[in-house]
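Trainee: Could we go through this model together? I would like to ask about it step by step.

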Amino acid sequence: MNDRIRVPEVRLVGPNGEQVGIVPIAKALDLARESDLDLVEVAPTARPPVAKLMDYGKFKYESAMKAREARRNQAHTIIKEIKLRPKIDPHDYETKKGHVVRFLKGGDKVKVTIMFRGREQSRPELGYRLLQRLAQDVSELGFVESNAKQDGRNMIMVIGPHKKKAEAKAEQAEARAQRNAAARGEQEADDAPVVEEAEEPGSE
């Protein structure tokens, strides 16, 4: 930047992106001083290097703000875990499946673990069938990202969501906004004054 640029000439770009052309470095620095701007090398490997007239402090600030906004909007996929027993009760299965559905709708991956105890370890097909059943039950929301595999006393499968985290968050926010709007509409209807019709003279 500025006096640190050690080349005899640069391809100069103006502050609004206009092409000035190839100029000696001394002239480029003079133009920068006259405009109260910085001369910043933006493509040092070009021949000649490309330099731009800009407010470097403002540029750094705006770049930092953009990076911060990008990090804020970046959605990280989280792996949730659900644990099941091979001989799970039907009601418990529905409860656990409900958790998996909620996680997938939220755009998160789900690690499903079947825990074997005692003699159950000799019946791995029970765990495999349970995992296949679960994968089938939630197939509209997710897909098997990692097939069922034995890991010591456990059997593990990973289900990934069809929708990305950002899409899921956007849909949830839209659904919340619609619910809030509907609730406000109902409240306004309840609060509206009741207009009673006056009886006409002589009516009974």
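Trainee: Is Glu120 buried or exposed?

Mentor: Happy to start there, with a word on the source: this is a predicted model, in which local features need pLDDT of at least 70, side-chain atom pairs count only at pLDDT 80 or more, and totals for chains, interfaces and linings use all residues. Residues are numbered from 1 along each chain as its sequence is written, and side-chain values use heavy atoms, with hydrogens and water left out. Buried means under 20% relative accessible area, exposed over 50%, and partly exposed in between (1.4 Å probe, protein chains only). Glu120 has a relative accessibility of 15%, so Glu120 counts as buried.

Trainee: Which side chain meets Glu120 in a salt bridge?

Mentor: A salt bridge here is a side-chain nitrogen of Lys or Arg within 4 Å of a carboxyl oxygen of Asp or Glu. The pair links distant parts of the chain, 35 residues apart, with Glu120 in the loop between E6 and H4 and its partner in the loop between E5 and H3. That partner is partly exposed, with a relative accessible area of 26%. At 2.9 Å, N to O, the side chain that meets Glu120 is Arg85.

Trainee: How many salt bridges does the structure hold?

Mentor: One of them joins Arg33 and Asp30, with the closest N and O atoms 2.8 Å apart. Arg33 and Asp30 are separated by about one helical turn, because they are 3 residues apart in helix H1 (residues 25-34). Arg33 is exposed at 56% relative accessibility, whereas Asp30 is partly exposed at 36%. The number of salt bridges in the structure is 5.

Trainee: Which residue forms a salt bridge with Lys109?

Mentor: Lys109 lies in strand E6 and its partner in strand E7, so the pair ties together parts that are 36 residues apart in sequence. Lys109 is partly exposed at 24% relative accessibility, and the partner is partly exposed too, at 39%. With the closest N and O atoms 2.7 Å apart, the residue that forms the salt bridge with Lys109 is Glu145.

Trainee: How many helices and strands are there in the protein chain?

Mentor: Helices (H or I, at least four residues) and strands (E, at least two) are DSSP runs, numbered from the N terminus. Read along the sequence, the chain follows the pattern β-β-α-β-β-α-β-α-β-α-β-β-α. The count is 5 helices and 8 strands.

Trainee: What is the order of the strands in the open sheet of 4 strands?

Mentor: Two strands pair if DSSP finds at least two bridges between them. E5 (79-84) and E7 (142-151) stand at the edges with a single partner strand each, so one side of each is left without a neighbour in the sheet. The pairing is mixed, and the order is E5-E6-E8-E7.

Trainee: In which sense do E5 and E6 pair, parallel or antiparallel?

Mentor: Within this pair, Lys80 stands opposite Val110 in E6. The chain crosses from E5 through H3 to E6 in a right-handed β-α-β crossover, that is, with the strands pointing away from the viewer, the path from the first strand over the helix to the second runs clockwise. Over 6 bridges, the sense of the pairing is parallel.

Trainee: How many bridges pair E7 and strand E8?

Mentor: One bridge joins Gly142 to its partner Pro161 in E8. E8 also pairs with E6 in the antiparallel sense, over 6 bridges, and there the bridge partner of Lys111 is Val158. E7 and E8 (residues 154-161) are likewise antiparallel, and their number of bridges is 7.

Trainee: At about what angle to E5 does helix H3 run?

Mentor: Axes are lines fitted to C-alpha atoms, for helices over the stretch in contact, and angles run from 0 to 180 degrees between N-to-C directions. Helix H3 (residues 90-105) lies across E5, E6, E7 and E8, and its angle to E5 is about 170°.

Trainee: Which residues is Asn147 in contact with, leaving aside its neighbours within four places in sequence?

Mentor: Asn147 has its place in strand E7 and counts as exposed at 58% relative accessibility. Contact means heavy atoms within 4.5 Å. With those neighbours left aside, the contacts of Asn147 are Ile156 and Met157.
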